[in-house]
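These are my notebook entries on a structure that was new to me. I went through it place by place and wrote down what I looked up.

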Amino acid sequence: MDIFEKREEDNRLQNILMQSYQEVDFYSTHNFLSEKQMNSLQLSDFPLQDRQTIQQQHGRFLNGRYQRYPDIESLLVQHSFGVSGIPLEVYWDRRDVSRAQEALWAFREEFAGVTSDDKCCVFCTAEYAGNKIMDYMPKRFSWDKKILSISIRGLSLKHLKRCLDDISAFDPVWMCLSPSTALMLAEAMESFGRLFLPSLRYIELSGEMLDEQTESVIRNAFHVQIANVYATKEAGPVAVSCEHGNIHIFPGNTVVEVIRDGKPVMDEEGDVYITSLQNNAMPIIRMKTGDRGILRSTHCSCGRGTPVLCLTRGRDCGYITTTSGRKISALVLRSMAEYANEEVSRCLSYIRFRQTGHADMDVILRVKPAFEGWEEEIARVFCGQVSDSELEQMKWNFIFVKPESAETEMEDKPFFEVCGEVE
């Protein structure tokens, strides 16, 4: 990154910080800056945030001008579950969403020759039309027929062969999916004796941690270029892997800090915090992602010159093990949670799953105070989201966490974990 790019990113950070302190209620009412400091805002002047605080006060994080016409017309709501199972509603200006994607599109074209005109197959947990969740469908085409979206919730053994047929008929140039979903496709290809697509030349992995063994299996199955994208709904694309496997931060999109004992560190492991430089509607400043990592002080030999983030712990979604021994990506649970939470008026403040036996799944939930007494209806809605025949045979145990014990229950717990006889 040259001196002019560095100056541009510094200016963008200053603009976000000043705008946040002047126009975002959560920051403007804190009065944590003196008049002298306001003339030279520093990122370290702002407090560290966690998802629970943002969830509980999300209206106070909205930029004031987006609560009035005409800017309110540009608002888009995105939904995030993160690593911890704490759902957030994240507001974006539609124009900022496009700008945040520019760096990733530039990488795709440089790395794999892929553009927005190329056909793409995307695997998703849920789809939205504007700010409203769309009815579940196993597959869906975009209006211009350039994107085939396949629901992760529909990837049962019965549907995997049909899924491969659909992808083959669509003949995409690239695919965007999670590592666990790519592994399921690779296993299905081997089981059904299928060769994959001659037109496919790029796979973009995201949503989960990617280890070397998993990446090797995917490369050997698909024989195409692979990149690993680190992104969040709060900040958009944060970083992407280069040809050497190092994850490079997009400095125009996000400031990444690794915090240890309350202070930023380099070349040491700590908690990953992000500050969005693109989200003007709901500026996210110094938010704890739930991931852990190391910011490297040395540059990568690929020559890009941008900071390198090494993730050491993050979104490892894992696999559900059925009574038959079949492995199902636990992202199916995230899809169920997203649809269920929308159906019950987004009344859940915490969602987590724990498999305790081949036929037993705990669903650990916390209900927002205004929705106490909805527990029976919530359990009914969740059960209605189960579509896989083997998952339908499981016993779903609903555990509702009381507010006073929620913080202990949420501390360092993954969205999905396996324990007991299936470990």
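Before starting, I fixed my terms: a residue is buried when its relative accessible area is under 20%, exposed when it is over 50%, and partly exposed in between. I also kept in mind that this is a predicted model.

**Entry: E269 and its partners.** With a relative accessible area of 32%, E269 is partly exposed, because that value falls in between the two cut-offs. I then looked up its charged partner and found a salt bridge with R292, in which the closest N and O atoms are 3.8 Å apart. R292 belongs to strand β16 (residues 287-296) and E269 to strand β15, so this pair ties together parts of the chain that are 23 residues apart in sequence. Salt bridges with shared partners join E269, D271, K288 and R292 into one network.

**Entry: T275.** I stayed with strand β15 (residues 269-276), where T275 has its place. Is T275 buried or exposed? I noted it as buried, because its relative accessibility is 0%. A polar atom of its side chain lies 2.9 Å from the backbone nitrogen of R286. Neighbours within four places in sequence aside, the residues in contact with T275 include L13, L43, N253 and I284.

**Entry: other salt bridges.** The structure holds 29 salt bridges, and I looked at two further ones. K146 and D117 meet through their side chains at 3.3 Å, N to O; K146 sits in the loop between β6 (139-141) and β7 (147-151), while D117 sits in the loop between α5 (94-112) and β3 (120-124), 29 residues apart. K146 counts as partly exposed at 26% relative accessibility, whereas D117, at 55%, counts as exposed. In the other bridge, the side chains of D166 and K139 meet at 3.2 Å, N to O, and this pair links helix α6 (residues 157-170) with strand β6 across 27 residues. K139 is partly exposed, at 34% relative accessibility.

**Entry: a sheet and the helix across it.** Which strands stand at the edges of the open sheet ordered β22-β21-β20-β23? The sheet has 4 strands with mixed pairing, and its edges are β22 (395-400) and β23 (416-418), each of which has a single partner strand, so one side of each is left without a neighbour in the sheet. Direction ignored, neighbouring strands here are turned by 20 degrees against each other on average. Strand β20 (residues 348-357) runs parallel to β23 and is joined to it by 3 bridges, and F353 has F416 in β23 as its bridge partner. Helix α9 (residues 331-343) lies across β20, β21 (360-367), β22 and β23, and runs at about 145 degrees to β20.

Definitions and conventions
Residues are numbered from 1 along each chain as its sequence is written. This is a predicted model: local features need pLDDT of at least 70, side-chain atom pairs count only at pLDDT 80 or more; totals for chains, interfaces and linings use all residues. Side-chain values use heavy atoms; hydrogens and water are left out. Helices (H or I, at least four residues) and strands (E, at least two) are DSSP runs, numbered from the N terminus. Buried means under 20% relative accessible area, exposed over 50%, partly exposed in between (1.4 Å probe, protein chains only). A polar contact is a pair of N or O atoms within 3.5 Å; within protein, one must be able to donate a hydrogen and the other to accept it, and residues adjacent in sequence count only if both atoms are side-chain atoms. Contact means heavy atoms within 4.5 Å. Two strands pair if DSSP finds at least two bridges between them. Axes are lines fitted to C-alpha atoms, for helices over the stretch in contact, and angles run from 0 to 180 degrees between N-to-C directions. A salt bridge is a side-chain nitrogen of Lys or Arg within 4 Å of a carboxyl oxygen of Asp or Glu.
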